[in-house]
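Please read the following briefing alongside the sequence and the coordinates. The topics are model confidence, one helix, an RNA surface and one buried residue.

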Amino acid sequence: MVEGRPAIREQMDLLLKGCVDVVRPEDLETRLLAAQREKRPLTVKVGFDPSAPDLHLGHAVVIRKMRHFQQLGHRVVFLIGDFTGMIGDPTGKKATRPQLTREQVAANAETYKRQIFKLLDPRATVIDFNARWLGALTSEEWIRLTARVTLAQMLERDDFAKRLAAGEAISLHELLYPVAQAYDSVALKADVELGGTDQLFNLLVGRDLMGKLGLPPQIVMTLPLLEGLDGVEKMSKSLGNYVAVEDAPEEMFGKLMSVSDALMWRYWTLCTDLAPAQVEALKKAVANGERHPMDVKFELARTITADFHDASAAAAAEAHFRTVHQKREVPDEVAEVVLPASPEPLPVVKVLVMAALAPSNAEARRLLQQGGVKLAGETVRDPFATLDARAGSAHLAQVGKRRFARIRFS
RNA sequence: GCGGGUGUGGCCGAGCGGUCAAUGGCAGCAGACUGUAAAUCUGCCGGGCAAUGCCCUACGGUGGUUCAAAUCCAUCCGCCCGCACCA
């Protein structure tokens with residue numbers, strides 16, 4: 001289908017890059033060759049939670065792998081687990097999640113689209129919902145399905161085994177989760193399923209079930225869970241150590257610059273398409289002093305920001321970072337805030353609150369006292385200071401290191 | 001159904017009836033330092049007030065005891081845990 005497809009060796013290199021588990025690589029190669037011969041795309045399935053539409057760089061690791069498949073002419077299925085979401089992947093905590101309404105699921109799907117199409121090609125992406133087939137199964141079908149999976153199999157999963165050993169409760173419906181996910185692969189006739197390393201078990205159940213039902217078993221590929229900005233915990237929104245796919249260019253750039261030197265290599269590997277050999281070369285150049293780590297990090301931030309936005313946005317974000325964070329200067333573009341004029345001078349405290357630079361008067365006062373407020377470049381510490389608020393007067397205000405506003409009265 | 005426990009500020013979590021806007025940790029904010037929004041150190045961290053103080057709101061809800069309650073009592077609600085019941 002795609003002409004001029006790279007040699008199989010190169011295809012494999014691209015697809016295997018960054019993967020942790022691949023079951024099995026030789027099957028992948030065989031399948032790729034078969035697809036090529038039969039001029040059909042492979043179906044690559046990846047499941048996503050229906051309730052968490054805020055994607056971050058960690059999710060992007062998998063999405064990027066989906067893109068690799070697309071680049072080779074294959075078809076990816078972005079599967080929203082609206083049915084399995086009722087169960088909730090029993091990875092420990094809250095087992096059952098509130099069921100989303102049809103409208104919520106649809107709305108979340110739209111949010112997903114907006115985000116994933118920053119990386120994926122919409123023409124080669126199918127968005128599907130597993131309630132479509134799982135919701136249609138009769139109880140009889142469920143019984144036939146679950147008959148294919150044994151308890152011993154389920155107990156191979158670490159958290160089930162641990163919980164059982166610890167005498168903790170395991171609800172029966174939790175056992176259904178891997179089975180349901182496995183059935184997704186059957187329903188989609190998936191050739192490949194991708195997921196995080198934490199998904200390995202579920203993906204393998206899918207592979208197994210397909211085999212039992214007489215389908216060619218899917219190839220399973222897992223990708224590492226990306227460490228968050230702190231370099232310790234995995235990236236997650238609740239830990240606040242994340243870079244959202246939808247972060248504004250400046251924010252994205254800045255967050256990436258805050259990554260530690262050590263962690264930067266991880267990001268180079270998992271969040272860019274730079275070939276492993278090139279990453280190694282960069283690493284070596286930094287190690288022997290040829291390249292400054294900061295420069296390499298700038299390049300990283302530029303690359304990733306450009307990927308989610310575009311080159312010019314990345315360049316602007318970089319310029320912003322250099323002026324605001326490196327040189328500590330006022331950025332070129334400062335948001336203007338227009339406030340109603342007053343013949344009398346207004347207390348700075350009030351103005352900061354009106355301009356949304358501080359959430360409350362008390363907070364504004366604190367900021368002043370701590371030296372966190374500059375007006376026209378001068379630090380103002382007096383909590384009783386006032387400001388000319390007559391129509392037409394304007395003031396450049398800075399709060400903290402990086403929040404600016406041009407306040408104009410009219 | 002019986003018995004026990006628990007419910008505190010964005011989160012976790014302390015809290016002799018007064019001195020509690022409430023210890024501590026996390027998160028957040030500011031300052032210093034730095035190649036960086038990292039690390040580290042320091043300070044702040046409910047709100048209102050021309051204010052070294054006064055006032056308001058807050059410790060699951062509602063009543064009550066008391067000069068005084070996050071702290072005691074009653075009751076209701078939520079959560080957790082034992083036990084029992086289960087045609």
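The notes below begin with conventions and then go through the model topic by topic.

This is a predicted model, in which local features need pLDDT of at least 70 and side-chain atom pairs count only at pLDDT 80 or more, while totals for chains, interfaces and linings use all residues. Residues are numbered from 1 along each chain as its sequence is written, chains are lettered from A and ligands numbered from 1 in the order in which they are written, and side-chain values use heavy atoms, with hydrogens and water left out.

**Confidence**
- Chain A has an average pLDDT (the predictor's confidence in each residue, from 0 to 100) of 85, and 92% of the residues score at least 70.
- Over residues 91-96 the pLDDT is below 50, and this stretch has eight contacts (heavy atoms within 4.5 Å) in the model beyond near neighbours in sequence.
- Where pLDDT is low, the predicted coordinates should not be read in detail.

**Helix H15**
- Helices (H or I, at least four residues) and strands (E, at least two) are DSSP runs, numbered from the N terminus; H15 covers residues 311-326 and reaches 21 Å from its first C-alpha to its last, close to the 22 Å expected at 1.5 Å a residue, where the expected span is 1.5 Å times one less than the number of residues.
- Among the residues of H15 that are buried (under 20% relative accessible area, with a 1.4 Å probe and protein chains only) are Ala313, Ala317, His320 and Phe321.
- The cover over the buried residues of H15 includes helix H11 (249-257), helix H14 (293-308) and strand E13 (403-409).
- Just after H15, Arg328 takes a positive phi of about 60°.

**Surface near RNA strand B**
- Of the 27 residues around RNA strand B (near means a heavy atom within 4 Å), Met257, Met294, Arg328, Lys350 and Arg366 come nearest.
- Sugar and phosphate make up 60% of the atoms of RNA strand B that come within 4 Å of the protein.
- Helix H17 (361-369) is one of the helices that supply at least two residues of this surface, and H17 gives the most, with six residues.
- A polar side-chain atom of Arg366 lies 2.7 Å from a phosphate oxygen of RNA strand B, whereas a polar side-chain atom of Lys297 lies 3.2 Å from a base nitrogen.
- An N or O atom in the side chain of Gln370 is 2.9 Å from a base nitrogen of RNA strand B.

**Leu134**
- Leu134, found in helix H5 (residues 131-134), is buried, with a relative accessible area of 1%.
- Beyond its neighbours within four places in sequence, Leu134 is in contact with residues including Phe83, Trp142 and Tyr183.

Key
Buried means under 20% relative accessible area, exposed over 50%, partly exposed in between (1.4 Å probe, protein chains only). A polar contact is a pair of N or O atoms within 3.5 Å; within protein, one must be able to donate a hydrogen and the other to accept it, and residues adjacent in sequence count only if both atoms are side-chain atoms.
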